[in-house]
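User: I would like to go through how the two chains of this model pack. Please keep the answers short.

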Amino acid sequence: MAEEWALVAWLVATTAAIRAAGPVALGGRELPVRAMRVISLLAPALLAALVVTETFRGEGSELTVDERALGVAGAGAVLARHGSILAAMAVAMALTAGARAVLG
Amino acid sequence: MRRDSLRAGIRAGIPFAVAAGALAISFGVLAEPVIGAEATLAMSALVFAGSAQFGSVAVLGAGGGLAAAVTAAVLLNARYLPMGIALAPSLRGRWPRRAAYGEAMIDASWAMASRGGGRFDPDFLVGATLPSYPAWFGGTVIGVLAGDLVGDPADLGLDALFPAFFLALLLGGELSSGRTAALVAALAAAVALVLTPLTPAGVPVVAASAAALLGLQRGAAGSERAERHPEIEGDPVG
């Protein structure tokens with residue numbers, strides 16, 4: 001089998017297994033209140049980590065401040081003024097693309 | 001399945017589907033020269049996990065080999081482990097049904113289905129994922145077919161869409177659930193920033209999820225939102 005199809009097969013299997021692991025192992029069980037408190041804080045933790053890694057990770061995993069940061073900051077400004085999610089994304093894309101065009 | 005939750009989820013999932021579709025165009029453009037059109041389309045249809053797809057193809061394209069590419073994908077997907085553990089107590093039924101809900105998880109739908117106090121609305125989650133699937137596959141088709149026309153996806157600023165969307169979820173929903181949530185988010189961001197240059201991609205996000213352990217502190221107000229809305233906190237014990 002060619003390498004690309006082996007990659008697809010491995011990704012299908014591992015992704016499905018990881019997504020199912022928690023629900024299959026722990027599903028339907030009541031967890032202690034303290035565990036539920038931790039769980040309720042997973043979303044802000046994961047979202048904050050995704051925001052900074054998607055904004056500041058360079059191609060070689062180094063930290064970098066580039067046009068994306070400007071775009072995400074613009075999105076933050078839109079959201080702070082209670083703009084919609086789509087407006088925030090449009091501003092992020094436009095600012096990032098615009099800055100790249102200007103800065104070359 | 002609760003149809004009202006499903007429908008509400010579909011409506012909430014549409015903005016993310018727009019972003020996912022745009023990102024998928026860039027995936028099609030970038031992956032087609034590396035793994036070919038058929039494997040690119042099969043991957044989007046069957047894997048449906050953006051960061052793992054981008055990451056593994058990038059490793060393969062850089063000559064990293066199959067094992068390194070699969071390892072990168074597993075690390076990038078590893079956050080689904082804590083996400084699935086978080087979702088589990090809200091799921092009912094036998095394991096195949098629970099597994100099916102797990103397969104429906106994507107970052108955005110999981111975060112939007114969070115109801116505070118550690119509870120999730122599983123049918124809302126499925127609904128919020130649904131619009132992204134055709135968008136992800138359709139975008140990949142466009143990217144594969146129109147790669148030459150699109151040029152460099154970075155020129156369009158598509159890579160700013162995901163962080164902007166996650167920021168919207170963070171500011172719009174999660175931080176409003178209390179001071180502890182804001183503290184956890186700040187700590188997680190700091191951990192992710194410190195680890196990004198030091199560890200393989202994917203690890204910083206998983207490690208940052210440990211910031212949620214602040215909820216173990218006595219008196220931590222991790223479920224403030226549930227305390228304001230006691231009807232969504234099912235277990236009053238403790």
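User: At what angle do helix α3 of chain A and helix α11 of chain B pack, and how far apart are their axes?

Analyst: This is a predicted model. The helices concerned are α3(A), residues 42-56, and α11(B), residues 179-195. α3(A) passes α11(B) in a right-handed crossing. The angle is about 35 degrees, and the axes are 8 Å apart.

User: How do the residues of the contact of α3(A) with α11(B) divide into nonpolar, polar and charged?

Analyst: α3(A) contributes residues including A:A45, A:A48, A:V52 and A:T53. From α11(B) come, among them, B:V184, B:A188 and B:L193. The division is 13 nonpolar, one polar and no charged.

User: Which helix gives the most to the side of chain A that touches chain B?

Analyst: The contact takes 69 residues from chain A and 95 residues from chain B. On the chain A side, α1, α2, α3, α4 and α5 each supply at least two residues. That side divides into 45 nonpolar, twelve polar and twelve charged residues. With 20 residues, the helix that gives the most is α1(A).

User: Which helix supplies the largest share of the largest nonpolar core?

Analyst: This core has 107 residues. A:A45, B:L161, B:F165 and B:A188 have the most contacts inside it. The largest share is 16 residues, and it comes from helix α1 (residues 3-46) of chain B.

User: Which residues does B:F165 touch, leaving out those up to four places away in sequence?

Analyst: B:F165 is one of the residues with the most contacts inside the largest nonpolar core. In chain B, it touches B:F16, B:A19 and B:A108. In chain A, B:F165 touches A:I85 and A:M89.

Technical notes: Residues are numbered from 1 along each chain as its sequence is written. Chains are lettered from A and ligands numbered from 1 in the order in which they are written. This is a predicted model: local features need pLDDT of at least 70, side-chain atom pairs count only at pLDDT 80 or more; totals for chains, interfaces and linings use all residues. A nonpolar core is a set of buried Ala, Val, Leu, Ile, Met, Phe, Trp, Tyr and Cys residues joined through C-beta atoms within 7 Å. A residue is buried if 20 or more other C-beta atoms lie within 10 Å of its own, exposed if 12 or fewer, and partly exposed in between; C-beta atoms are placed from the backbone. Helices (H or I, at least four residues) and strands (E, at least two) are DSSP runs, numbered from the N terminus. Two residues are in contact if their C-beta atoms, placed from the backbone, lie within 7 Å. Axes are lines fitted to C-alpha atoms, for helices over the stretch in contact, and angles run from 0 to 180 degrees between N-to-C directions. A crossing is left-handed if the near helix is turned anticlockwise from the far one by less than a right angle, and right-handed if clockwise. Ala, Val, Leu, Ile, Met, Phe, Trp, Tyr, Cys and Pro count as nonpolar, Asp, Glu, Lys and Arg as charged, and the others, Gly among them, as polar.
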